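Biologist: I've just opened this one and don't know my way around yet. Could you walk me through it?

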Amino acid sequence: MSTVLLRHTGPDGDGDGDRSSGVRFTLFGPIQMLVDGDPVTLGPPKQRALLATLLLRPGLSTGTDQLISALWGVEQPAYAKNLVQKYVSGLRGVLAGAVAGVPGTAPEVVWTPGGYRLETGDAVVDLHVYERLASEGTTMALTGDLHGAARHLDGARILVTGTLAEGLEAPVLDRERVYREERFLADMELRAEVELDLGRHRNAIPYLYFVLHRRPLSERFSWLLMLALFRADRGGDALSHYHGYQRRVADELGADPGFALRELHRRILAQDPALMTLATVPPPEGGRLRPGGDPAPGTPPGTP
């Protein structure tokens, strides 16, 4: 999931701590363990995939058979259980050696009746920080704190520096990458909506071009981009994008743009002043749009 770092920063004191001190695990991009900013050698690919799998299940135990399925799927090697035990032992050795002398509670792999569990201790895990910031940002947006939402969603965004556990092969990681890609794009959609509702229309445009590069057939992203361009006094670009999208869906899907996009196109042509105040994030007391921008039943998206 290669990405770009747009020009905003996250909230102060986002819980991520000093990234150069203590123990830190990064799952976005190549998996890493950093101790006081220095990388630790984590062992062979499957041992790193095992670490990633355990980090994806904070506070949960994973049985040996689950780990075998997660790491190899149906094409399991001979002596798979022995291999899991070997990688667990290797991972325990890596963790113990790396954190010796580091203050605080050290991460370790423990055995429970339900299987293996990674206790992260005082370590910071970028994925866990992302989840907290994105969830809090979404809650803030839906309760009317748009400035707080912007800060938290940006704090989450800057953590996503690459594909989850980049370069490692395991069925569980393949599935998780699909989820993370969709989650990230949904969070960036909300981030753009927040900018629009704050009146910072020009700031929303790069977010929307970015997500459209990855989802060029998304009508919702196109709708938001056209609205942002119109509000930023770039109505010609908005109309140009509509015609480009219209050609694309005709060529690739044999279809026409949906009602919401056609209606927005009509209103831009008419220079409808109501478009300047049209809300994209649901108001705190509810409204015609539900979280994520989905229309309430019976309400065409994009209508005031």
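Biologist: Let's start with one residue: is Thr-53 buried or exposed?

Modeller: Thr-53 sits in helix α1; helices (H or I, at least four residues) are DSSP runs numbered from the N terminus. Buried means under 20% relative accessible area and exposed over 50%, with partly exposed in between (1.4 Å probe, protein chains only). With a relative accessible area of 2%, Thr-53 is buried.

Biologist: Which residues is Thr-53 in contact with, leaving aside its neighbours within four places in sequence?

Modeller: Contact here means heavy atoms within 4.5 Å. A polar atom of the Thr-53 side chain also lies 2.8 Å from the backbone oxygen of Ala-49. Beyond four places in sequence, the contacts of Thr-53 are Leu-67, Ala-70, Leu-71 and Val-172.

Biologist: Before I get carried away, what is the mean pLDDT of the protein chain?

Modeller: This is a predicted model, where local features need pLDDT of at least 70, side-chain atom pairs count only at pLDDT 80 or more, and totals for chains, interfaces and linings use all residues. Residues are numbered from 1 along each chain as its sequence is written, and side-chain values use heavy atoms, leaving out hydrogens and water. pLDDT is the predictor's confidence in each residue, from 0 to 100; it is below 50 over residues 1–10 and under 50 over residues 286–304. In the protein chain 87% of residues reach 70 or more, and the mean pLDDT is 87.

Biologist: How many of the residues of α6 are buried?

Modeller: Helix α6 covers residues 171–197, and its end C-alpha atoms are 40 Å apart. That agrees with the expected 39 Å, since the expected span is 1.5 Å times one less than the number of residues. The helix is mostly covered, and the buried count is 19 of its 27 residues.

Biologist: Why do the buried residues of α9 lie on the same side?

Modeller: The buried residues of α9 are Gly-235, Ala-238, His-241, Tyr-242, Tyr-245 and Val-249. An α-helix has 3.6 residues a turn, so residues three or four places apart point the same way. Taking the arc of the directions from the helix axis to the C-beta atoms, the buried residues of α9 are on the same side because their arc is only 110 degrees.

Biologist: And which exposed residues are on the face of α9 turned away from its buried side?

Modeller: The buried residues of α9 have cover that includes α7, α8 and α10. On the face turned away from them, the exposed residues are Gly-236, Arg-247 and Asp-251.

Note on methods. Helices (H or I, at least four residues) and strands (E, at least two) are DSSP runs, numbered from the N terminus. A polar contact is a pair of N or O atoms within 3.5 Å; within protein, one must be able to donate a hydrogen and the other to accept it, and residues adjacent in sequence count only if both atoms are side-chain atoms.
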